[in-house]
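Visitor: Hi, I've just opened this one and I'm new to it. Can you walk me through it?
Guide: Sure, let's bring it up and go a piece at a time.

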Amino acid sequence: MAGVSSCMKYSMFIFNFLFWVCGSIILGVSIWIRVSKDAQQELEIDSSAFAGVDLLIAVGSIIMILGFLGCCGAIKESRCMLMLFFIGLLLILILQVTGGILGAVYRSQIETSLREAFQESVNSLQSSTEESKVFQEKLQKFQTTNQCCGLLNGPSDWGKNIGNNKICECELKSSSDLCIYYQGRYVYKNPCGDVIINYLKDHLLIIMGIAFGLAVIEILGLGFSMSLYCQIGRK
């Protein structure tokens, strides 16, 4: 009967131990951000971003569980744990590939959905409620940093609020192409919605590269786990 390769066994253990450590870091930092008021203030995170933090908690938990199964399955030569690891990693890979295909196929619809979301947010720019003021302050910081104004239609998105607190004000010294004369003063003319969409388009290649790299690592993990699973069965 063939034995289990020590090299593959310990390579599998080290790979999954690093996997587990990454999951632990993601989970720990995410929980810290979720429960710590100081962390939320320091990172300028409000309740609207909690969905993303909760997602990171879920991702960190899944990575930790898979890393644990991989480590214990390799060291203890447990076929059950290795099979659970294989199934879990395979499901993640399938979801990842499915998400990539859907993202490529429905790319134009994603942009349309973003514009619809921006349109809903335009109402907040013209409102005077406390909740809207919080959103307006954040957008003003974004506008100053990215030299843009409004979300879809430029300065007109702000309605009557455009006259308050020098919203969207720009200096012609920087570049006249960025500015437009509006209601007695110069303001940025490019909508921030276009800036956000262009940013996503420009970084789409980077996102695809990261996803491809993760897919390669996941495929290697699948190969190692199944090979070790078969070796244990033949032992």
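Visitor: Leu18 caught my eye. Is Leu18 buried or exposed?
Guide: Leu18 counts as exposed, at 51% relative accessibility. The cut-off for exposed is over 50%. Keep in mind that this is a predicted model.

Visitor: Which helix is Leu18 in?
Guide: Leu18 is found in helix H1. That helix covers residues 6-35, and among the elements of the chain it has the highest mean pLDDT, 86.

Visitor: And which helix has the lowest?
Guide: Helix H2, residues 37-42, with a mean of 72. Over the whole chain the average pLDDT is 81, and 91% of the residues score at least 70.

Visitor: Back to Leu18. What separates it from Val59?
Guide: In sequence, Leu18 and Val59 are 41 residues apart, and their C-alpha atoms are separated by 15 Å.

Visitor: What about Val53, buried or exposed?
Guide: Val53 is buried, with a relative accessible area of 8%. You'll find Val53 in helix H3, residues 50-75.

Visitor: Which residues does Val53 touch?
Guide: Setting aside its neighbours within four places in sequence, Val53 is in contact with Ser30, Ile33 and Arg34. As for Leu200, that residue is 147 places along the chain from Val53, and the two C-alpha atoms are separated by 20 Å.

Visitor: Let's switch to the inside. Which residues in the largest nonpolar core touch the most other members?
Guide: Leu139, Cys149, Leu151, Trp158, Ile162 and Cys168, out of 19 residues in that core. The elements that give two or more residues to this core are helix H5 (107-125), strand E2 (185-188) and H7. H5 provides the largest share, three residues.

Visitor: Why would a core like that form?
Guide: In soluble globular proteins, nonpolar side chains tend to be buried together.

Visitor: What else is in contact with Ile162?
Guide: Leaving out neighbours within four places in sequence, Ile162 is in contact with Cys149, Pro155, Ile167, Cys168, Tyr182, Gln183 and Arg185. Apart from this core lies another one, of 15 residues, among them Ala74, Phe85, Ala215 and Ile232.

Visitor: You mentioned H7. Which of its residues are buried?
Guide: In helix H7, residues 192-202, the buried ones are Cys192, Gly193 and Ile197. Looking down the axis of H7, those buried residues fall within an arc of 140 degrees, so they line one face of the helix.

Visitor: Where does Arg115 sit, and what does it touch?
Guide: Arg115 is found in helix H5. Not counting neighbours within four places in sequence, Arg115 is in contact with Leu152, Asp194 and Ile197. Ile197 is one of the buried residues of H7.

Visitor: Is Arg115 itself buried or exposed?
Guide: In between: Arg115 is partly exposed, with a relative accessible area of 30%. From Arg115 to Leu151 is 36 residues in sequence and 8.6 Å in space, C-alpha to C-alpha.

Visitor: New topic: pockets. What volume does the largest pocket have?
Guide: About 750 Å³. Of the 20 residues that line the largest pocket, the closest to its centre are Gly100, Gly103, Leu204, Ile207 and Met208.

Visitor: Which helix gives the most to that lining?
Guide: H4, with seven residues. Helix H4 (79-105), H5, H7 and helix H8 (204-234) each supply at least two residues of the lining.

Visitor: What can you tell me about Ser227 in H8?
Guide: Ser227 counts as partly exposed, at 26% relative accessibility. Ser227 and Lys9 are 218 residues apart along the chain, with their C-alpha atoms separated by 9.8 Å.

Visitor: Last one: which phi values should I look at in the loops?
Guide: Try Glu77, whose phi is near 55 degrees, a positive value in a residue other than glycine. Most residues other than glycine have a negative phi. Gln147 also has a positive phi, near 50 degrees.

Visitor: Where are Glu77 and Gln147?
Guide: Glu77 lies in the loop between H3 and H4, and Gln147 in the loop between helix H6 (130-146) and strand E1 (179-182). Glu77 counts as buried at 19% relative accessibility, since the cut-off for buried is under 20%. Gln147 is partly exposed, with a relative accessible area of 29%.

Methods: Residues numbered from 1 in each chain as written. Predicted model: local features only at pLDDT ≥ 70, side-chain atom pairs only at ≥ 80, totals over all residues. Heavy atoms only, no water. Buried < 20%, exposed > 50% of the residue type's maximum accessible area, 1.4 Å probe, protein only. Helix = DSSP H or I, 4+ residues; strand = E, 2+ residues; numbered from the N terminus. Arc of directions from axis to C-beta. pLDDT = per-residue confidence, 0-100. Contact = heavy atoms within 4.5 Å. Core = buried A, V, L, I, M, F, W, Y, C linked by side-chain atoms within 4.5 Å. 1 Å grid on protein atoms, 1.4 Å probe; cavity = no way out; pocket = protein on both sides within 12 Å on 5 of 7 lines; lining within 4 Å. Points joined across faces, edges and corners; volume = space filled by probe spheres on them.
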